[in-house]
2 protein chains.
Amino acid sequence: MPSDKALDDILLGPADRTSPCAACDVRDVSICAVLDPDELKRLEKIVTRLAVQPRETIFCEAAPAEYLFNVTGGAVKVYKLLADGRRQITGFFFPGDFLGLAHLNKYAYTAEAIEEVRLCRFSRRKLEKMLEQYPKLEKHLLQTASNELASAQDQMLLLGRKTARERIATFLLALSERAKRHGRSGERVNLPMSRGDIGDYLGLTMETVSRTFTRFKNDGKVELTGARHVTLQDRQALCRLAGLVEDEPVSAVAGSL
Amino acid sequence: MPSDKALDDILLGPADRTSPCAACDVRDVSICAVLDPDELKRLEKIVTRLAVQPRETIFCEAAPAEYLFNVTGGAVKVYKLLADGRRQITGFFFPGDFLGLAHLNKYAYTAEAIEEVRLCRFSRRKLEKMLEQYPKLEKHLLQTASNELASAQDQMLLLGRKTARERIATFLLALSERAKRHGRSGERVNLPMSRGDIGDYLGLTMETVSRTFTRFKNDGKVELTGARHVTLQDRQALCRLAGLVEDEPVSAVAGSL
DNA sequence: CGGGACTTTGAGCAAATTCAACCATTGTGG
DNA sequence: CCACAATGGTTGAATTTGCTCAAAGTCCCG
């Protein structure tokens, strides 16, 4: 959803302009999907739309978790750090994803914009009040948490037991699945994040990521058209490597990836 | 809570016997803690108590998630497998832990008893009905999921970025914290699981686990009294290795570990 | 164009794995 | 009650995968 007032005037009729959420382009994949128009209006009252520039942090690990976010544009990485700077990216968040699930009122990780990011921001306190009146919302939150948990467990299997090639294959297929779910091709996959980010997500170094990409290219499994763009050429081989019987699962719904 | 009727007669007065949950020794750390006596009575009506022998599976990954469980005795390991048998244990569950969170109505992992395990089993269908009437319960379920998520993210950092020694140190401290929370010493730590299980949990081989234990012993960090029992001797050194500033966190509440 | 950030490639290295043998503990049957 | 088989744990040597350090190459963008 563009937060730009002028843009709203161009894109929306006057009726819709009173309800920007109703016209949000990620509405049907986001948490708002479960709300009816009346409820949506209440939600709008407590929402702030904002933009974050690349490399800016959205919130920091261990800070009081005052806000929750809905990503409406751009890509976000979330990570945890060790004292000496080693970093583990625990997820990437894209439009439609819900961000900011906390533990004991502290953020469990730092969130940082990769590209220019657009967000809907909710006060946790106010949202919690709404939760009491709309159990649907609470149920959906539980759903979101359970999705995130499922992908976290897949990721543990990847980090603990898969080889570098298996990790990269799994990663590319997950991105491809996500692109498909959002109506994009599924063969052409965009990589908004750097090689270093991919490494920190998969528990590898950027060098290993790079080498594995070139190896896949030489094997005819993928085509690399610029560093931030991959075309899957032998999906079946990638599935076999990733440990998927056939195409489907990877991480069925959003959450992280 | 013993499910044995005769044992109940011995241990409990007639008033308590009508409400075994009220006398459950993990009641105050488990999901039941949020229920008042009346609600507890309703819960009891839909609960089945059962015992599972070591190495028996409680449920299987990808099977329809018909039941939820509360562990009341013994230790459970939950894991995911790759086609060639590589295994990642995603968590250990102990008395008081809630087991069986599912994704898309399928279990996300296989659960297997390590020792003899005692469980309270709920039908998911019936519990969901109760959920609608007791929002407290739903809130607590969300809490449980969020705890599990937080430890899953800690585990990703461990699996992706920590060395073998750091992993083992983190593991021992987490077990120690749990023992403390349950009123046990915190220095003497019990290891109901095998070296292989520890390896599959930490993304290592059993040989590396074993070598690291002996190295810790030689360094005076721990004492090994029998394979399934460790005494922490230099907690500060272990904390430093684990990447903890001081003693506390690791994984603040249950969920897994 | 030129400069900076990111990516790729190469060579040597190291942590953890693999494979194999040995040891300890436990429980069972002779 | 002891011998011995079975299971799980430890130790060693060789190997390997992925890492580190270093240099060269690319791609944006102003």
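The exercises below work through a predicted model, taking its chain symmetry, its DNA surfaces and two of its sheets in turn.

**Exercise 1. Determine how chain B is related to chain A, and what the contact residues add to that relation.**

Step 1. Begin with the superposition: a turn of 180° with a shift of 0.0 Å along the axis lays chain B on chain A, and the RMSD is 0.0 Å.

Step 2. The two copies are thus related as by a two-fold rotation axis.

Step 3. Turn next to the contact residues, of which 100% of those in chain B recur in chain A, so that the same surface serves both copies.

**Exercise 2. Describe the protein surface near DNA strand D, stating which residues come nearest and which helices contribute.**

Step 1. There are 17 residues around DNA strand D, and those that come nearest are Ala164(A), Thr208(A), Arg55(B), Arg195(B) and Thr214(B).

Step 2. Sorted by character, the residues of this surface near DNA strand D comprise three nonpolar, seven polar and seven charged.

Step 3. Assigning residues to elements, one finds that helix H8 (206-218) of chain A and helix H8 (206-218) of chain B each supply at least two residues, while the largest share, four residues, comes from H8(B).

Step 4. On the DNA side, 68% of the atoms of strand D within 4 Å of the protein belong to sugar or phosphate, and the rest belong to bases.

Step 5. Individual phosphate contacts can then be listed: a polar backbone atom of Ala164(A) is 2.8 Å from a phosphate oxygen of DNA strand D, an N or O atom in the side chain of Ser210(B) is 3.0 Å from a phosphate oxygen of that strand, and a polar side-chain atom of Arg228(B) likewise lies 3.0 Å from a phosphate oxygen.

**Exercise 3. Carry out the corresponding analysis for DNA strand C, and find which side chain has a polar atom 3.1 Å from a base nitrogen.**

Step 1. DNA strand C is surrounded by 17 residues, the closest being Arg55(A), Arg195(A), Thr214(A), Ala164(B) and Thr208(B).

Step 2. Of the atoms of DNA strand C that come within 4 Å of the protein, sugar and phosphate account for 66%.

Step 3. The surface near DNA strand C consists of three nonpolar, seven polar and seven charged residues; H8 of chain A and H8 of chain B each supply at least two residues, and H8(A) gives the most, with four residues.

Step 4. Among the phosphate contacts, an N or O atom in the side chain of Thr208(B) is 2.2 Å from a phosphate oxygen of DNA strand C, and a polar side-chain atom of Arg228(A) lies 3.0 Å from a phosphate oxygen of this strand.

Step 5. The side chain sought is that of Glu207(B), a polar atom of which lies 3.1 Å from a base nitrogen of DNA strand C.

**Exercise 4. Establish the strand order of the three-stranded sheet in chain B, and identify its edge strands.**

Step 1. The sheet is open, its three strands follow the order E11-E13-E12, and the pairing is antiparallel.

Step 2. Strand E11 (188-190) and strand E12 (222-224) of chain B are the edge strands, since each pairs on one side only.

Step 3. With direction ignored, neighbouring strands of this sheet are turned by 25° against each other on average.

Step 4. E12(B) and strand E13 (residues 229-232) of chain B run antiparallel and are joined by three bridges, and Leu224(B) stands opposite Val230(B) in E13(B).

**Exercise 5. Analyse the four-stranded sheet of chain B, and state which helix packs on it.**

Step 1. This open sheet has the order E1-E10-E3-E6, with antiparallel pairing.

Step 2. Strand E1 (47-52) and strand E6 (98-99) of chain B stand at the edges; each has a single partner strand, so one side of each is left without a neighbour in the sheet.

Step 3. Strand E3 (residues 67-73) of chain B is joined to E6(B) by two bridges, the two running antiparallel, and Phe69(B) stands opposite Leu99(B) in E6(B).

Step 4. The helix is H4 (residues 124-133) of chain B, which packs on the sheet by touching E3 and strand E10 (117-123) of chain B, and whose direction makes about 65° with that of E10(B).

Definitions and conventions: Residues numbered from 1 in each chain as written. Chains lettered and ligands numbered in written order. Predicted model: local features only at pLDDT ≥ 70, side-chain atom pairs only at ≥ 80, totals over all residues. Heavy atoms only, no water. Least-squares fit on C-alpha atoms with pLDDT ≥ 70 in both. Contact = heavy atoms within 4.5 Å. Near = heavy atom within 4 Å. Polar contact = N/O pair within 3.5 Å; in protein donor to acceptor, adjacent residues only side chain to side chain. Nonpolar A, V, L, I, M, F, W, Y, C, P; charged D, E, K, R; others polar. Pairing = 2+ DSSP bridges. Axes fitted to C-alpha atoms, helices over the stretch in contact; angles between N-to-C directions.
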